[in-house]
Amino acid sequence: KVIAMRSRKGVIPISNEEVQTHPRLNTKYLTKKTFDILTASKISKSRFAKAVLGLNTGQPIMERMKEWHQLNTPGRRNFIRMKLFLEEISAAIENDDDYDVFLLVRRVKYRLHFHGISQPFFGQYVLGVDTRRTYNLLLSTKKW
């Protein structure tokens, strides 16, 4: 759900000043932690790279990782975004108990109907899942 939210909101803008004043990051740890979350969530590196980092592919940053001091400004910017992504994941996990899933699904269905958007279209372009999975999510809602 963080990837879907990030896709809607777009890439977090980070100024050159923020990059220059940002404390040193452990790029190896960030890469491993991010890769673990992507693997566990079955999220492709390319989807992550596009939604979170604003890149066309996730291969270079995930597989040709450099130490913080070896990175140029755009490279550091990507790792800052990766860190912010991990913080968003942590916040989402901490707040999971606050979700009323049934209310959320009801609101989503209402909004889709109100705006004339089909559930399969919503599933494919917003959630990134196929039609069957979309119907399962919206019709077979389970308690969080």
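Reader: Is tyrosine 125 buried or exposed?
Author: In this predicted model, tyrosine 125 counts as exposed, at 56% relative accessibility, where exposed means over 50% relative accessible area, buried under 20% and partly exposed in between, with a 1.4 Å probe and protein chains only. Residues are numbered from 1 along each chain as its sequence is written, and side-chain values use heavy atoms, with hydrogens and water left out. Local features need pLDDT (the predictor's confidence in each residue, from 0 to 100) of at least 70, side-chain atom pairs count only at pLDDT 80 or more, and totals for chains, interfaces and linings use all residues.

Reader: And which aromatic pair does tyrosine 125 form with phenylalanine 121?
Author: The two form a tilted pair, 4.7 Å centre to centre with 40° between the planes; rings of Phe, Tyr and Trp (its six-membered ring) pair if their centres lie within 6.5 Å, and planes under 30 degrees apart count as stacked, over 60 as edge-to-face and the rest as tilted. Phenylalanine 121 is partly exposed, with a relative accessible area of 45%.

Reader: How many aromatic pairs are there in the whole structure?
Author: The search finds 2. Phenylalanine 48 and phenylalanine 85 form an edge-to-face pair, with 5.0 Å between centres and 70° between planes, and both of these residues are buried.

Reader: Changing topic, what is the average pLDDT of the protein chain?
Author: The average for the protein chain is 81, and 86% of the residues score at least 70.
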